[in-house]
Amino acid sequence: MEHTYRLVISCPDRVGIVAKVSNFLSTYNGWITEASHHSDTQSGWFFMRHEIKAESIPFGLDQFRAAFEPIAREFNMNWHIADSARPKRVILMCSKESHCLADLLHRWHSKELNCEIVAVISNHDDLRRMVEWHDIAYHHVPVSKENKAEAFAHIEDLFAQYETDVVVLARYMQILPADLCEKYAGKVINIHHSFLPSFAGARPYHQAYSRGVKLIGATCHYVTQDLDEGPIIEQDVIRISHRDSIEDMVRLGKDVEKNVLARGLRSHVEDRVITYENKTVVFD
């Protein structure tokens, strides 16, 4: 993978944003390898993502930030720049179901995902051998009504210990506390086994079966304090028919869940997702 810097911007829309940024990069001989722009006419906001050859810029990210800051102030930008050579540090969380966890571990092991999986946290011990085969630390943190506050305090400590950039709930069957959701806003990704907002909550395949739906799907979204209502990153569906049982729907749904979660995580770790209000702009 080519070493690049990823410049990601959102700001109120107005004339001259692209020209100003492009002129800044040109001044320092910045070589743009990928450019994506989107203007949201309803909200009046503009979104931009540029990838720049790192070797073409004569300084590092700290100097880049200092030089770019006057432009950011002028256009009231929310922005950040990331280095592709520093993979994001990812913690996976799971319970007993293995399909999403196994899929992400395989993609990471085969270098399909440019990230560093630093640990797995689970409220059960069932998947330890799978994780440790990949030489990844496995933390068993049981969660019950009696110890919930203590358990999530320990989990928060683990997030800090591993200097975590992003947490992935790979079918983790516990609800994160509101304060943890707020502290890691935009950094916790969940996979929901339905095409949200349809059939939110528990047992969505059973809900879908009882309604006789012809499509089932999965939704990758950021976790917020409002259960299953965070900004959506990625979705997909698969067609079913009256012949399919609940068991068939669960089996087919797992395939969709794996793919949707992997695509959502890939977009996040490549800095392709910009959140605005309760929506996302995702640049391909």
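I count a residue as buried when its relative accessible area is under 20%. With that cut-off I found that 48% of the 284 residues in the chain are buried. I keep in mind that this is a predicted model.

**Entry: the whole chain**

I looked up the secondary structure and found eight helices and 13 strands. Next I asked how far the C-alpha trace spans along its principal axes. The spans came out at about 60 × 40 × 35 Å. I then turned to the radius of gyration, which is 21 Å for the chain; a compact globule of 284 residues would have one near 19 Å, so the two agree.

I also checked the contacts between residues at least 6 apart in sequence, and 67% of them join residues at least 24 apart. For the surface I noted an accessible area of about 14,300 Å², with 48% of that area belonging to carbon and sulfur atoms.

**Entry: helix H3 and what follows**

Which residues of helix H3 are buried? In this helix, residues 99-109, I listed His99, Cys100, Leu101, Asp103, Leu104, Leu105 and Arg107. I reminded myself that an α-helix has 3.6 residues a turn, so residues three or four places apart point the same way.

I went on to the partners of these buried residues. They pack against strands E5 (88-94), E6 (115-122), E8 (166-169) and E9 (188-192), and also against helices H4 (128-133) and H8 (246-269).

After H3 comes lysine 111, which I placed in the loop between H3 and E6. Its phi is positive, near 65 degrees, and the residue is not a glycine. That made me pause, as most residues other than glycine have a negative phi. Is lysine 111 buried or exposed? Its relative accessible area is 74%, so I marked lysine 111 as exposed.

**Entry: arginine 171**

I met another positive phi at arginine 171, about 65 degrees, again in a residue that is not a glycine. Arginine 171 is in the loop between E8 and helix H6 (178-183). Its relative accessibility is 5%, so I entered arginine 171 as buried.

**Entry: two buried residues, serine 10 and leucine 61**

I found serine 10 in strand E1, residues 4-12. It counts as buried because its relative accessibility is 6%. What does serine 10 touch, leaving aside residues up to four places away in sequence? I wrote down Trp45, Phe46, Phe47, Asn76, Met77, Asn78 and Ile274.

Leucine 61 sits in helix H2, residues 61-74. Its relative accessible area is 14%, so leucine 61 is buried as well. Not counting residues up to four places away in sequence, leucine 61 touches Tyr5, Ile81, Ala82 and Asp83. I looked at the tyrosine 5 pair more carefully: leucine 61 and tyrosine 5 are 56 residues apart in sequence, and their C-alpha atoms are 8.3 Å apart in space.

**Entry: the cavity**

I searched the whole structure for cavities of 30 Å³ or more and got one. The largest cavity holds about 30 Å³ of space. Which residues line it? I noted Arg6, Ala82, Asp83, Arg86, Pro87, Lys88, Asn114, Val269 and Asp271. By kind, the lining has five charged residues, three nonpolar and one polar. Two names were already in my notes: Ala82 and Asp83 line the largest cavity and are also among the residues that leucine 61 touches.

How values were computed
Residues are numbered from 1 along each chain as its sequence is written. This is a predicted model: local features need pLDDT of at least 70, side-chain atom pairs count only at pLDDT 80 or more; totals for chains, interfaces and linings use all residues. Side-chain values use heavy atoms; hydrogens and water are left out. On a 1 Å grid over the protein atoms alone, a cavity is a set of points where a 1.4 Å probe fits but cannot get out, and a pocket is an open set with protein on both sides within 12 Å along at least five of seven lines; lining residues have an atom within 4 Å of a point. Grid points are joined across faces, edges and corners, and a volume is the space filled by probe spheres set on the points. Ala, Val, Leu, Ile, Met, Phe, Trp, Tyr, Cys and Pro count as nonpolar, Asp, Glu, Lys and Arg as charged, and the others, Gly among them, as polar. Helices (H or I, at least four residues) and strands (E, at least two) are DSSP runs, numbered from the N terminus. The radius of gyration is taken over C-alpha atoms; the globule rule is 2.2 Å times the number of residues to the power 0.38. Buried means under 20% relative accessible area, exposed over 50%, partly exposed in between (1.4 Å probe, protein chains only). Contact means heavy atoms within 4.5 Å. Accessible areas come from the Shrake-Rupley method with a 1.4 Å probe; for residues, only the protein chains shown count as cover.
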